[in-house]
Amino acid sequence: MIGRHIFSFRKLLYLLLITALSLLILKSLHILLPSEDKAMNTNDVQARVNVLPRIFTHSFLEEKQLSNNFIEHSSHPIDNNCFKTVIMKSIPATDYLKTMGLEIISDPLDLKLQVHPNMLEKDAEDIFHRYISELHAECKHHVRLGNVTDGGWDMCVAGPYIPAFSSCLVYSFGIGDNWSFDDDISKRFGCIVRSFDPSINSTNHQRSPGILFYNIGLGSNNYVSSRGWKIMTFSDILKMCHDENKIIDYLKIDIESFEWDVLEEIQHSSYSNALTNVKQLAFEVHTKELDQVQSSKTDLVRYWKILHGLEMIGFRRWYWHFNLWGFFPSRTLEKYLSCCYEIVYININYIKKAEKW
């Protein structure tokens, strides 16, 4: 009996000691919550928000220019406690963008990775896959919208690329049976989402208060396919929706190999400003290996020219990943490559606009 009492007493001491040490550690890290009778001041809120994970849900940072001398940032980070920070214009815009987690890290216009017709086929294949996996920009603050796996897309939420809540606009081409991206970006940021896909056998309808579905496909010209699908160009779709002069926060294209024709048409169409108002451009590219056909050097040169054309008008690649289901054995390089890459670009013209603040 005495032994049992001693054991219980020791156990109690151990528990008390662990509790005391835990409280000391928490206090030293300054993460104890304030008492109910102590008001949380602005500095307390700011300090705690700075250590929170940069995950933006329906509460996020909005940017707007108040005057030529000030920029105000407003947020509702925790418990609806609002705070405001005023940054003087004397801070260089580039330094300010770095504090927001955004930086240009390479220049694709230097043509260090260029695919051209005069090179060997194996060199063309090697350079193209190296080129497509090179990043031009770094966005430290980003979110995954939709599924973690297939169907989800990454969005940069730094500096001028943070969508304005309830006034952002998204175009989403290619749904299939996966609405996770469209639903998530609409709910999280309050964006109006225009969703397009003629292959899911659905009529035009309003899926939710923020999502409008159109039974239309994206193509390089206007026509009706052999399956009866209505296909339109991007510029004509913008005109149809009266959005040709509106900012598009995110344009997503996932249309199974037709992206090459579409991107080429957009760059060479008479409506040359089709991508001017697009802040972020996301799409999945597919080489011919998707259909178990080897991409020729001519194909790879064309792919490179289309992507480089986007870079020429100000788009920079900040994110990519290959589709794990798209690996194939290269016939020229004796290694495995991927036929399918998901890529996200930012339009750096909006950084240049921010530098004019």
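Helices (DSSP runs of H or I, at least four residues) and strands (DSSP runs of E, at least two) are numbered from the N terminus. The structure described here is a predicted model, in which local features need pLDDT of at least 70 and side-chain atom pairs count only at pLDDT 80 or more, while totals for chains, interfaces and linings use all residues. Residues are numbered from 1 along each chain as its sequence is written, and side-chain values use heavy atoms, with hydrogens and water left out.

The chain contains 9 helices and 20 strands. Of its 357 residues, 44% count as buried, where buried means under 20% relative accessible area, exposed means over 50%, and partly exposed lies in between (1.4 Å probe, protein chains only). About 19900 Å² of the chain is exposed, and carbon and sulfur atoms supply 56% of that area; accessible areas come from the Shrake-Rupley method with a 1.4 Å probe, and for residues only the protein chains shown count as cover. Contact means heavy atoms within 4.5 Å. Among contacts between residues at least 6 apart in sequence, 65% join residues at least 24 apart.

Helix H5 offers a suitable place to begin. Of its 10 residues, 9 are buried, so H5 is largely enclosed by the rest of the structure. Phe181, Ile185 and Phe189 are among these buried residues, and so are the charged residues Asp182, Asp183, Asp184 and Arg188. The helix is followed by Gly190, whose phi is positive, near 70°.

The loop after H5 leads to the disulfides, of which the whole structure holds 2; a disulfide is a pair of cysteine sulfur atoms within 2.5 Å. One of them joins Cys168 to Cys191, with an S to S distance of 1.9 Å. Cys168 lies in the loop between S7 and strand S8 (169-173), and Cys191 in the loop between helix H5 (180-189) and strand S9 (192-196), so the pair ties together parts that are 23 residues apart in sequence. This link is left-handed, with -100° about the S-S bond, and both Cys168 and Cys191 are buried.

The other disulfide joins Cys139 to Cys156, with an S to S distance of 2.1 Å. Because Cys139 lies in strand S5 (residues 137-139) and Cys156 in strand S7 (residues 153-156), the pair ties together parts that are 17 residues apart in sequence. The link of Cys139 and Cys156 is right-handed, with 90° about the S-S bond. Cys139 is buried, with a relative accessible area of 7%, and Cys156 is buried at 0%. When the bonded cysteines are numbered in sequence order, the pairing is 1-2, 3-4.

Charged side chains form a further set of links. Side chains of opposite charge can pair when their charged atoms come close. The structure holds 10 salt bridges, a salt bridge being a side-chain nitrogen of Lys or Arg within 4 Å of a carboxyl oxygen of Asp or Glu. In one of them, the closest N and O atoms of Arg194 and Asp243 are 2.7 Å apart. This pair links distant parts of the chain, with Arg194 in strand S9 and Asp243 in the loop between H6 and S15, 49 residues apart. Arg194 is buried at 10% relative accessibility, and Asp243 is buried at 1%. Asp243 also meets Lys246 in a salt bridge (3.2 Å, N to O), and Lys246 is partly exposed, at 41%. Arg194, Asp243 and Lys246 are thus linked in a network of salt bridges. Elsewhere, Glu311 forms a salt bridge with Arg317 at 3.7 Å between the closest N and O atoms, and both residues are buried.

Asp254 presents another arrangement. It is buried yet has no salt bridge, and the nearest side chain of opposite charge, Lys252, is 5.6 Å away. Asp254 is placed in the loop between strand S15 (250-253) and helix H7 (259-268). Not counting residues up to four places away in sequence, Asp254 touches Trp153, Phe173, Gly174, Glu284 and His286. In H7, the buried residues include Trp260, Leu263 and Ile266. The buried residues of H7 pack against strand S12 (217-218), helix H6 (234-240), S15, strand S16 (280-286) and helix H8 (297-312).

The description ends at the surface. Trp325 lies in the loop between strand S17 (315-322) and strand S18 (327-329), and at 84% relative accessibility Trp325 counts as exposed. Phe322, Leu324, Trp325, Phe327 and Tyr336 form a nonpolar surface patch with about 690 Å² of accessible area together. Patches are made of residues with over 30% relative accessible area and no salt bridge; like charges are joined within 9 Å, and nonpolar side chains (Val, Leu, Ile, Met, Phe, Trp, Tyr) within 5 Å.
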